[in-house]
Amino acid sequence: MPPAIPSERVNSPRPGKPGGASSSRVSLRRLRSAFSLYKAILVDAESRRLKDELKWLTGVLGTARNIDVLIARAGSSDIRGRLLEARDSAYDDVLNAIYSSRAKALMLDVNEWLRCGEYLTLSETTEIRNGPVVDFAIETLDRHRKKLKKRGKSLVEADDEHRHEARKAAKKLRYACEFLISLFTGKQAERRYAKFIKSMEELQDELGLLNDMATAPTVVHELELDSHPDAESLVAVGNREKLLSAAQSSLDDLMERKRFWRG
C-alpha cells in the first residue's frame, strides 16, 4: 500500500513578511506534488477539486514572490520604492486570499479529506492501495527520473518553456525522493540519497535562476516599469550562458548518480 499522503504544514514565515510568500508557496507546491505522486489513487472528484483549489492559492502567492525576487535586485531607491509599493499591494492580495472563506474552507476540506476521503475506499484503486509499498515507490521514482531525463535533454538549446518543464520535473522528483526515502533503509541507500539530493539541489538552484531570468521581463511589464531607466537592472542579471552550461552539467551528473531506491 502506498505510504500515507503527507499532511503538509505551512510553518513558514508569515505570508505578509518579505520571503514569506516564497516559503508558503513552496509548502503548497510540496502538497500539490503529493497529489501528483499519488495520482493513481486520487481519481475521485473531490481529490481533483482540492488540487485545483491548492493551485489557486499557490498562484496568488506567486505574484508576491516574483516581486520579492525583483526587490533583491533593485539598486536605485526610486525603482525599489515602486517595487515595495507593488509588493504591499500583492501582500494585501495574499492576506485577503489566506483569510478568505474560500481558503478557510479549503483547509478544513483538506483535513477532512486526508482522514476520510473517498479515495481511501474506491474499488477501482484497491489493487494499487493494497500493493507492496516499496514496489509503488520504486516505480514512482523511476517514472519521475525518466521524465526529468526526457525533459532535460539539451537544456542549452531548449527554449524557456521547455526548461521550465524540466524545472517542474526536477521539483517533482526531489519531492518524491523526500516523501519516499523512509522506505529505503541501510547505509548504502543513505549514502546514495545524500549524493542524489545534493546533485538535485544544485540543478534546482540553477534552473530556478534561469526561470527567474526568463520571467523577470514579464513581471516588469505587468508592473508597468518597462520605461523606467533602471528597469534593465531587474532583468539582466548573471551570465545566462554560464548558468545554462552549469545546469546541463548538474543534470548530467544527476543522471549518473546511483539510484538510492535500487540496490
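## Charges on the surface and in salt bridges

Asp 160 is partly exposed, with a relative accessible area of 38%. Its side chain meets that of Arg 163 in a salt bridge, at 2.8 Å from N to O. This is a predicted model, and the briefing below follows its charged residues, both the paired ones and those gathered in surface patches. Side chains of opposite charge can pair when their charged atoms come close. Here the count comes to 15 salt bridges.

**Arg 163 and its partners**

- Arg 163 sits in helix α7, which covers residues 160-180, and Asp 160 lies in helix α7 too.
- The two are 3 residues apart, or about one turn of the helix.
- Is Arg 163 buried or exposed? Arg 163 is buried, at a relative accessible area of 6%, because the cut-off for buried is under 20%.
- So the pair joins a buried Arg 163 to a partly exposed Asp 160.
- The Arg 163 side chain also has a backbone contact: it reaches the backbone oxygen of Leu 155 at 2.8 Å.

**A salt-bridge network across helices**

- Arg 30 and Glu 178 meet through their side chains in a salt bridge, with 2.5 Å between N and O.
- Arg 30 belongs to helix α1 (residues 20-37) and Glu 178 to helix α7, so this pair ties together parts that are 148 residues apart in sequence.
- Arg 30 counts as buried, at 19% relative accessibility, because anything under 20% falls in that class.
- Its partner Glu 178 is partly exposed, with a relative accessible area of 25%.
- Another salt bridge runs between Glu 201 and Arg 174, whose closest N and O atoms are 3.6 Å apart.
- That pair links distant parts of the chain, with Glu 201 in helix α8 (residues 187-222) and Arg 174 in helix α7, 27 residues apart.
- Glu 201 counts as partly exposed at 35% relative accessibility, while Arg 174 counts as buried at 17%.
- How do these residues fit together, and which ones share a network? Arg 30, Arg 174, Glu 178 and Glu 201 are joined into one network by salt bridges that share partners.

**The positive patch**

- Lysines and arginines also gather on the surface: Lys 39, Lys 51, Lys 55, Arg 143, Lys 146, Lys 147, Lys 149, Lys 150, Lys 153 and Lys 172 form a positive patch.
- Which helices each supply at least two residues of the patch? They are α2 (45-73) and α6 (133-151).
- Helix α6 gives the largest share, 5 residues.
- Lys 149 is one of the patch residues, and its place is in helix α6.
- Lys 149 is partly exposed, with a relative accessible area of 45%. That puts Lys 149 over the 30% a residue needs to join a patch, and patch residues also take part in no salt bridge.

**The negative patch**

- Negative charge has a surface patch as well, made of Glu 85, Asp 88, Asp 92 and Asp 93.
- Glu 85 is in helix α3, which spans residues 77-98.
- Is Glu 85 buried or exposed? Glu 85 counts as exposed, at 58% relative accessibility, because the cut-off for exposed is over 50%.

Note on methods. Residues are numbered from 1 along each chain as its sequence is written. This is a predicted model: local features need pLDDT of at least 70, side-chain atom pairs count only at pLDDT 80 or more; totals for chains, interfaces and linings use all residues. Side-chain values use heavy atoms; hydrogens and water are left out. Patches are made of residues with over 30% relative accessible area and no salt bridge: like charges are joined within 9 Å, nonpolar side chains (Val, Leu, Ile, Met, Phe, Trp, Tyr) within 5 Å. Accessible areas come from the Shrake-Rupley method with a 1.4 Å probe; for residues, only the protein chains shown count as cover. A salt bridge is a side-chain nitrogen of Lys or Arg within 4 Å of a carboxyl oxygen of Asp or Glu. Lys and Arg count as positive and Asp and Glu as negative; His and the chain ends are not counted. The place of a charge is taken as NZ of Lys, CZ of Arg, CG of Asp or CD of Glu. Helices (H or I, at least four residues) and strands (E, at least two) are DSSP runs, numbered from the N terminus. Buried means under 20% relative accessible area, exposed over 50%, partly exposed in between (1.4 Å probe, protein chains only). A polar contact is a pair of N or O atoms within 3.5 Å; within protein, one must be able to donate a hydrogen and the other to accept it, and residues adjacent in sequence count only if both atoms are side-chain atoms.
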